[in-house]
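Here is a protein to explore together, one question at a time. Have a look at the sequence and the model, and then we can start.

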Amino acid sequence: MNEDKKLVWIAFFALLISAGAATLYIMQSLRGLENNVVVKQDEMLLTVPAGTGRIAMEQLLIKNNLLKQGDYFQILLKVKPELSQFKAGTYRLTKGMTLRDVLLLIKSGKEAQFTIRFIEGSRLSDWQAIFDKAPELKIVANGMESDKLRQEIGMKPEITHLEGWFAPDTYHYTAGTTDIAILKRAYQQMEKTLEEEWLKRDSDLPYKSAYEMLIMASIIEKETGIDAERTKVASVFVNRLKRNMRLQTDPTVIYGLGDKYRGTIYRSDLNGYTPYNTYQIDGLPPTPIAMPSVASIKAAAHPADTRYLYFVADGTGGHKFSTTLAEHNKAVAQYRRLQQR
C-alpha cells in the first residue's frame, strides 16, 4: 500500500472515530437532558396553550426554568418522538420530576385537578365569595343578570330564585373551568336529589310541591347540624304547619334581614316585617334560606312521628324538644340560666 493510500485510510478512520465520539457525546447529553431533574420546588403549575409545537414547547420550558437555552431539546424530540406529543392544559409538576416525566405528563393529558368545597347551610352569597378565591377558576357569573344566569345553568323556567338550588359538596375542576359550569353541576345534583326524595316522601305532609319541601329542608339545615336531630326538628315544623301555627324560626328572620343582621336578633327584628319573618308570616317563607344537605332533604321528606311543637338549645350543642308551651318555657328558662353561668 503506497503512502497516499495510507494517509487516506488514516484520515477515514480518524473521521469515523471523531464521528463516533461526537455521536456518543450527543447520546450521553440527550440521556442527561432527558433524565435531568428539572422541578426543584415542591410544586408548580405549567400551562400548555392549544396548538403548542416543538419550538413553542422549548420556549415555554425555558421561560419556566425547566430547560436551558442551547440544550439538545429538538434533537431529543426527534430521537424520542414519544416525548413530542403535547396536549393543551394546565399540569401540576412536583418536586423531583425529570424532563422526561414532564413531557410524558403533558402527553398523557392528565391535567391538574383543583377542588372547591361548599358546606351545608351556606348561602349563594357565600358561594360567590368562595368562587372569587378559587385557583384557576374562570369567573363569568359576576354581574350577570339573574335571568341570563339561570338560563346558562339550565334551570327550569319556573325557578325564579337561585337560593337553595345548589347541592353543597366538594367539586373537582381543571384550570379554566367556569363558575357557571360548577353551578350547573351543583344544580343538576340538587334537582336529582330533590326529585328522588319528593317521590319517596311520606304521605300527609303539608307541602304543596317539591319546592316547599326544599324550603323546609333549608330551615332544618340552619336549625341543627346534628344528624340525629334533623327528623325531630322536621317534625316540629310539620306539626306546626298542620296546626296553622307560625313557624317562628330565627334563621328565617336572619335571612330576611340580610346585611342588616347585626349578629343578634333583637325584639324589633322579630316585630318587623319581611317576607321571611316567620314570626309575622303564616306558613313557609317564599324561598329557601340556604343550600340544604341531603340529610336535611330526607328529614323534610320523612319527619319523625312526634307531637313536638317547640324546641330550644340545650346548652350542649343540641336541643330540648317539647310538646306544650309550658314545657318549652321551662326549657327556655333552663337554657338562659346556663347562659348566665
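Q: Does Leu 205 count as buried or exposed?
A: Keep in mind that this is a predicted model. Leu 205 sits in the loop between helix 7 and helix 8. Its relative accessibility is 16%, and the cut-off for buried is under 20%. Leu 205 therefore counts as buried.

Q: Which residues is Leu 205 in contact with, leaving aside its neighbours within four places in sequence?
A: Let's take a partner from further along the chain as an example. Leu 205 and Ala 300 are 95 residues apart in sequence, yet their C-alpha atoms are 9.1 Å apart in space. With sequence neighbours within four places left aside, the residues in contact with Leu 205 are Val 238, Ala 300, Ala 301 and Pro 303.

Q: What covers the buried residues of helix 12?
A: Start with the residues themselves: Ser 296, Ile 297, Ala 299, Ala 300 and Ala 301 are the buried ones in helix 12. Two of these, Ala 300 and Ala 301, also appear among the contacts of Leu 205. The cover over the buried residues of helix 12 includes helix 7, helix 8 and helix 9.

Q: Which residues have the most contacts inside the largest nonpolar core?
A: In soluble globular proteins, nonpolar side chains tend to be buried together. Here the largest nonpolar core has 57 residues. Among the elements that give two or more residues to this core are strand 3, strand 4, helix 7 and helix 12. The residues with the most contacts inside the core are Ile 116 and Phe 166.

Q: Which residues is Ile 116 in contact with, beyond its neighbours within four places in sequence?
A: Strand 3 covers residues 114-117, and that range takes in Ile 116. Setting aside neighbours within four places, the contacts of Ile 116 are Ile 130, Phe 131, Ala 134, Leu 137, Asp 169, Thr 170, Tyr 171, Tyr 173 and Ile 182.

Q: How many residues are in the other core, the one with Ile 62 and Leu 99 among them?
A: This core lies apart from the largest one. Val 102 and Leu 103 are also among its residues. The size of this other core is 25 residues.

Q: Is Leu 103 buried or exposed?
A: Leu 103 is found in helix 4. Beyond its sequence neighbours within four places, Leu 103 is in contact with Leu 61, Phe 73, Leu 77, Leu 83 and Phe 86. The C-alpha atoms of Leu 103 and Phe 86 are 7.6 Å apart, with their places 17 residues apart in sequence. Because its relative accessibility is 0%, Leu 103 counts as buried.

Q: Which elements do the buried residues of helix 2 pack against?
A: Helix 2 runs over residues 54-63, and its buried residues are Met 57, Glu 58, Leu 60, Leu 61 and Ile 62. Leu 61 is also one of the contacts of Leu 103. The buried residues of helix 2 pack against strand 1, helix 3 and helix 4.

Q: How does Arg 100 count at 27% relative accessibility?
A: Arg 100 belongs to helix 4. Leaving aside neighbours within four places, Arg 100 is in contact with Glu 34, Lys 80, Glu 82 and Leu 83. Buried means under 20% and exposed means over 50%, so at 27% Arg 100 counts as partly exposed.

Q: What is phi of Asn 65 near?
A: Most residues other than glycine have a negative phi. Asn 65 follows helix 2 and lies in the loop between helix 2 and helix 3. With a relative accessible area of 67%, Asn 65 is exposed. Its phi is positive, near 60 degrees.

Q: Is Asn 244 buried or exposed?
A: Asn 244 is not a glycine, although its phi is positive at about 60 degrees. Asn 244 is found in the loop between helix 9 and helix 10. Since its relative accessible area is 71%, Asn 244 is exposed.

Q: What radius of gyration does the protein have?
A: The C-alpha atoms fill a box of roughly 125 × 50 × 35 Å along the principal axes. A compact globule of 341 residues would have a radius of gyration near 20 Å. The protein, by contrast, has 33 Å.

How values were computed: Residues numbered from 1 in each chain as written. Predicted model: local features only at pLDDT ≥ 70, side-chain atom pairs only at ≥ 80, totals over all residues. Heavy atoms only, no water. Rg over C-alpha atoms; globule rule 2.2 N^0.38 Å. Core = buried A, V, L, I, M, F, W, Y, C linked by side-chain atoms within 4.5 Å. Buried < 20%, exposed > 50% of the residue type's maximum accessible area, 1.4 Å probe, protein only. Helix = DSSP H or I, 4+ residues; strand = E, 2+ residues; numbered from the N terminus. Contact = heavy atoms within 4.5 Å.
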